[in-house]
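Reader: I would like to go through this model by way of its side-chain contacts and its packing, and I would ask that each answer show the reasoning behind it. Shall we begin once the sequence and structure are in view?

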Amino acid sequence: MSKHDPYAALRFKEFNFFLLIRFLLVLAWSMQFIIIEWEVYNLTKDPLSLGLIGLFEIIPAISTSLFAGHIVDQKEKKKLFVLAIIAFLFVSFAFFSITSSYAYLNYTSKQILLGIYLLVFLGGFIRAFFGPIIFSLVALIVSKKAYPNAASWSSSTWQFASVLGPAFAGFSIAWFGIHMSMGFVFLAVFISLILTFFIKKKPILNPKIGEPIFDSLKAGLSFVFKTKSILVAITLDMVAVLFGGAIALLPIFAQDILHVGSQGFGMLRAAPAVGALIIMFVSAYIPVTRNAGKKLLVAIFCFGISIILFGISSMFYLSLFALFLYGITDGISMIIRQTILQLKTPDEVRGRVASVNSIFIGSSNELGAFESGLTAKLMGTVPAVVFGGIMTLFSVGYTNLKFPDFKNLDLSDDLK
């Protein structure tokens, strides 16, 4: 048995640039989302308005995802990656301009809200392409034996950036204001665009170039629903993300429950980042391929516990600990799910499988934000968070009963 190499994927030069690009993009996207959340809540003081941010992004993301997957499987990935980043660059510049106009031209709250929601809606179309492109690129940059290690580094980078971005956004809002914080977002996206020059063009491995679009979409969906390990993994994670959207309510917790202001808000956002950073390094040394199903179930169960603990806590440091646990468990589940997807998906359908995954997981982040905002409006903020945690625990129990073979899933043989 060969010795496990925790740096196997990092030995591919292009993968290191890919990780840096992904880190900057996720950092920028998550910063942008939080800056928008903070400004929208400042303007409206309405939790439902926070949920609407997620709703406006999920509508185009879901409606476009399958078609985006088809296009990714048909086209050269590096070029699509560059085009998607350029589109993101335009949106981030528009946000930067809107906040400038709001600050200096005295636009009304209604006008700035409409502008924000419109740009979020446009961003949803762009996001639909990022998932399939990134998932497909990883498989073209590293060898198959390095897939699990690449999934660990890539997923951990995403997780770390997705929680570090909001934490940095919280401090940035307090220190520099909304407008300059949006400027940092634009700068991060611009740097990521420059770094794409270090990644070469990749071959198109799909043998069915020119396949009718609806036949292509049908083939992608059919593969996902026939491959139970993929279907169960993404469904389970989707439910957890959908009902675990407590993070979307952090502005309310920071301002109205814990009374810690924008700097406390930044610390709350940083707590999951610490957990994600730990997972980034630990997962590289501990392979997730053995007993992957059981590990995923345990991780999501603990994820639900962390949400409940955060919801019932009225102590700032206990809330920080709960969010730290949230970051660890969310990071573990993401790494395992990405490893399952990488090892179980043939090259020719990667874009379409990733698009289905985006619908199940990526879009459920925004739908989860809307669910949290809606339930907070109807039930109150704390009951809404606790309810989400309970539903996450229920999803683990249901999966264990409905798909008993899943807990025995082992990916070791898929590396051969």
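**Aromatic pairs, salt bridges and a pocket**

Author: Tyr 398 is partly exposed in this predicted model, because its relative accessible area of 46% lies in between the cut-offs of 20% and 50%.

Reader: With which residue does Tyr 398 form an aromatic pair, and is the pair stacked or edge-to-face?

Author: The two residues of this pair lie in helix α13 (residues 381-402), four residues apart, which is about one turn of the helix. In general, an α-helix has 3.6 residues a turn, so residues three or four places apart point the same way. The ring centres are 6.5 Å apart with 25° between the planes, and planes under 30 degrees apart count as stacked. The partner of Tyr 398 is therefore Phe 394, and the pair is stacked.

Reader: Is Phe 394 buried or exposed?

Author: The relative accessibility of Phe 394 is 55%, and the cut-off for an exposed residue is over 50%. Phe 394 therefore counts as exposed.

Reader: How many aromatic pairs does a search of the whole structure find, and what is the geometry of the pair formed by Phe 81 and Phe 130?

Author: The search of the whole structure gives 17 aromatic pairs. One of them joins Phe 81 in helix α3 (residues 77-104) to Phe 130 in helix α4 (residues 109-141), 49 residues apart along the chain, and both Phe 81 and Phe 130 are buried. Their centres are 6.4 Å apart and their planes stand at 90°, so with a cut-off of over 60 degrees the geometry is edge-to-face.

Reader: Which residues do ring pairs link into a cluster with Phe 81 and Phe 130?

Author: Phe 81 and Phe 130 form a pair with each other, and ring pairs link both of them into a cluster with two further residues. These are Trp 29 and Phe 88.

Reader: Turning to charged side chains, how many salt bridges are counted, and how far apart in sequence are the parts tied together by Glu 14 and Lys 202?

Author: The count comes to three salt bridges, and in the one between Glu 14 and Lys 202 the closest N and O atoms are 2.4 Å apart. Glu 14 is buried at 15% relative accessibility, and Lys 202 is buried at 12%. Because Glu 14 lies in helix α1 (residues 13-44) and Lys 202 in the loop between α5 (147-195) and α6 (213-226), the parts tied together are separated in sequence by 188 residues.

Reader: Which residue forms a salt bridge with Asp 73, and which helix holds that partner?

Author: The closest N and O atoms of this salt bridge are 2.6 Å apart. Asp 73 is buried at 2% relative accessibility, and its partner is buried with a relative accessible area of 4%. Asp 73 lies in helix α2 and the partner is 279 residues away in sequence, so the pair ties together distant positions, the partner being Arg 352 in helix α12 (residues 350-379).

Reader: Where is the partner of Glu 57 in the salt bridge that links distant parts of the chain?

Author: Glu 57 is buried, with a relative accessible area of 3%, and its side chain meets that of Arg 127 at 3.1 Å, N to O. Glu 57 belongs to helix α2 (residues 47-74), and its partner, 70 residues apart from it, is in helix α4.

Reader: Which element gives the most to the lining of the second largest pocket?

Author: The second largest pocket has a volume of about 250 Å³, and it is lined by 15 residues, with Ile 279, Val 288, Lys 295, Ile 332 and Ile 336 nearest its centre. Two or more lining residues come from each of α9 (261-285), α10 (292-312) and α11 (316-344). The lining residues divide into 12 nonpolar, two polar and one charged. The element that gives the most, with five residues, is α11.

Reader: Why is α11 described as largely enclosed by the rest of the structure?

Author: The end C-alpha atoms of α11 are 42 Å apart, which agrees with the 42 Å that its 29 residues should span at 1.5 Å a residue. The helix is largely enclosed because, of its 29 residues, the number buried is 22.

Methods. Residues numbered from 1 in each chain as written. Predicted model: local features only at pLDDT ≥ 70, side-chain atom pairs only at ≥ 80, totals over all residues. Heavy atoms only, no water. 1 Å grid on protein atoms, 1.4 Å probe; cavity = no way out; pocket = protein on both sides within 12 Å on 5 of 7 lines; lining within 4 Å. Points joined across faces, edges and corners; volume = space filled by probe spheres on them. Nonpolar A, V, L, I, M, F, W, Y, C, P; charged D, E, K, R; others polar. Phe/Tyr/Trp six-rings, centres within 6.5 Å; stacked < 30°, edge-to-face > 60°. Buried < 20%, exposed > 50% of the residue type's maximum accessible area, 1.4 Å probe, protein only. Expected span 1.5 Å × (residues − 1). Salt bridge = Lys/Arg side-chain N within 4 Å of Asp/Glu carboxyl O.
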